[in-house]
Amino acid sequence: MTREKIYLFDTTLRDGQQTPGIDFSVEDKIAIASLLDEFGLDYVEGGYPGANPTDTAFFSEKRTTQARFVAFGMTKRAGISASNDPGLASLVQAKSDAICFVAKSWDYHVKVALGCTNEENLESIAQSVTACITAGKEALVDCEHFFDGYKANPAYAIACAKTAYEAGARWVVLCDTNGGTQPPEIRAIVEALIAAGVPGNCLGIHAHNDTGQAVANSLAAVEAGVRQIQGTLNGIGERCGNANLVTLIPTLALKETYSHRFETSIDSERLTSLTRLSHAFDELLNRSPDHQMPYVGASAFATKAGIHASALLKDPRTYEHVTPESVGNFRKVMVSDQGGKANFINALKRRGIEVGKDDPKLDHLIALVKERGASGYAYEGADASFELLARRTLGTTPEFFSIEGFRVMVERRFDSHGRVKIVSEAVVKIVIDGQTIMSVAEGDGPVNALDLALRKDFGKYQHEIDDLVLADFKVRILNGGTEAVTRVLIESTDSDGVRWWTVGVSENIIDASFQALMDSVIYKLMKNRQLAGKIAAE
């Protein structure tokens, strides 16, 4: 059976840039385009040349070698010829392989937003597509608000799509711009459009995630006949985001209901780099990856319940819908106060720690983890701290240094202009090889000051922790009141791109933070000597 191809269209650099808090520079766009191109996507939409200096500069050169490089923009304005429209000229002149025109397909928007007649809008669509093809570029048309437009006026929405197709557009893309259409509606409307004369192999779907169904809507459109999917890396996009290509791609490739009928440009070898691509993109955005993202999240193949973990160890298929290696992820059986002895033995073995099931030290470790779990330590979310605890309990860990003490001061005062100023200062005394080193630092808050002081002078180990970066810092109050117990989770990374998590618990937030900071530094020193297992640092 010959499989049909589903074309993958990435709009991270255009629609993804609408995400609140995200603002790509030209350098960011070049780096991301390279990631997408190397991964093997069919189309990379780069932005809107002429709309802003960044996108105009980005389109001064072709930024992909394999993927079709796409410029985005409006169809020509009504009342102006295609040859005299400056916006259309910017699109034609951009160093792109294709142009994706956004066109109104809801008659309400034509009247209110464009202020022209329905017929003038159809003319703008047709003439823009013709101008694109004449310039030697592939034409795509995003039918904005297509599904809402169809529900309001089916005949006109279909007319917009047919006009684009008959003018020569390679792809007519149906946009659920407001993100509120449901999967059964998507399927029925796409089938109606195909029956009206626009073939599915020229149709695309552009779904937004406002009801959490952008992926489901994209797949419903494929079932109905659509053969191009538009989406973004990690589902970024305005409001609630766009269809997540990082979820769609492995679903198409690994789920039999799709894989026996369809193929994409992402083969099994490329698919194994999916987790790395997703995390590299988050790194560029300077944010922590979503641990619960399907397929690529740190928790996607993680189990901590004892009965689940026991079954998983006997046969991974009991609790895994695909193999984690197929998407470049890994299996993670976590230790917690719910874990049984087999769970602990396996968790230790995967970290290179061998222990017999009858070893009293193992019973001591299990009791310790459960006792600490009851007091607030969350080792399932802090693998590096668990490994350090296990190695200390079952064997030995090198004593790189000891802490003689620390002090943190926070002062609120007024400066010479009468403005309030908060000053945080920390002092840490470290003992290395019998020598006491005292470091003082000011920071943006007491924890930052403590971190800076702790790592300011580490004697002979200083060069080893220069690349240590605190990527994330989370605080949770475990019970109420000002005397509450606090749990601090710290995510760390280094120049190798490795990440690890450590935990501290105390009635004092500074002390809890210091515990987690200490574990992070010790883990880093052990990792440098290959004394720590890889699992905690994946």
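This note sets out points on strand pairing, buried residues, cysteines and nonpolar cores in a predicted model.

1. Strand β4. Strand β4 covers residues 68-74, and 5 of its 7 residues are buried, so the strand is largely enclosed by the rest of the structure. Two parallel partners are described for β4. One is strand β3, residues 43-47, which pairs with β4 over 4 bridges. The other is strand β5, residues 98-104, which is joined to β4 by 5 bridges.

2. The position of V70. Within β4, V70 serves as a reference point for both pairings. On the β3 side, E45 stands opposite V70. On the β5 side, the bridge partner of V70 is A98.

3. Crossovers on either side of β4. Helix α2, residues 53-58, lies between β3 and β4 in a β-α-β unit that is right-handed. A further right-handed β-α-β unit is made by β4, helix α3 (residues 86-93) and β5.

4. Strand β2 and its partners. Strand β2, residues 7-10, pairs in the parallel sense with strand β9, residues 228-231, through 4 bridges. In this pairing F9 has Q230 of β9 as its bridge partner. Strand β2 also runs parallel to β3, with 2 bridges between them. Here D10 is matched with V44 in β3. The chain passes from β2 to β3 by way of α1, and this β-α-β crossover is right-handed.

5. Residue K29. Helix α1, residues 26-39, contains K29. Is this lysine, K29, buried or exposed? K29 counts as buried because its relative accessibility is 0%, the cut-off for buried being under 20%. The side chain of K29 makes a polar contact of 2.5 Å with the side chain of D55. Beyond its neighbours within four places in sequence, K29 is in contact with several residues, among them L13, Q17 and F24, as well as G46, G47 and F58.

6. Cysteines. How many disulfides does the structure hold? The number is 0. For C100, the closest cysteine sulfur is that of C175, and the separation of 7.3 Å is too far for a bond, since a disulfide requires sulfur atoms within 2.5 Å. C240 is likewise in no disulfide, and the nearest cysteine sulfur, again that of C175, is 17 Å away. As to accessibility, C100 is buried, because its relative accessibility is 0%. C240 has a relative accessible area of 44% and is therefore partly exposed.

7. Nonpolar cores. The largest nonpolar core has 81 residues, of which F146 and V190 touch the most other members. Leaving aside neighbours within four places in sequence, F146 is in contact with residues including A157, I158, A161 and L174. The contacts of F146 also include S105, C175, I189 and L193. A second core, separate from the largest one, comprises 35 residues, with V447, A449, I465 and F514 among them.

8. Points to inspect in the structure. A reader may begin at V70, which faces E45 in one direction of pairing and A98 in the other. The contact between the side chains of K29 and D55 may be viewed next. F146 and V190 then offer a starting point for viewing the core of 81 residues.

Methods:
Residues are numbered from 1 along each chain as its sequence is written. This is a predicted model: local features need pLDDT of at least 70, side-chain atom pairs count only at pLDDT 80 or more; totals for chains, interfaces and linings use all residues. Side-chain values use heavy atoms; hydrogens and water are left out. Buried means under 20% relative accessible area, exposed over 50%, partly exposed in between (1.4 Å probe, protein chains only). Two strands pair if DSSP finds at least two bridges between them. A crossover is right-handed if, with the strands pointing away from the viewer, the path from the first strand over the helix to the second runs clockwise. A polar contact is a pair of N or O atoms within 3.5 Å; within protein, one must be able to donate a hydrogen and the other to accept it, and residues adjacent in sequence count only if both atoms are side-chain atoms. Contact means heavy atoms within 4.5 Å. A nonpolar core is a set of buried Ala, Val, Leu, Ile, Met, Phe, Trp, Tyr and Cys residues joined through side-chain atoms within 4.5 Å.
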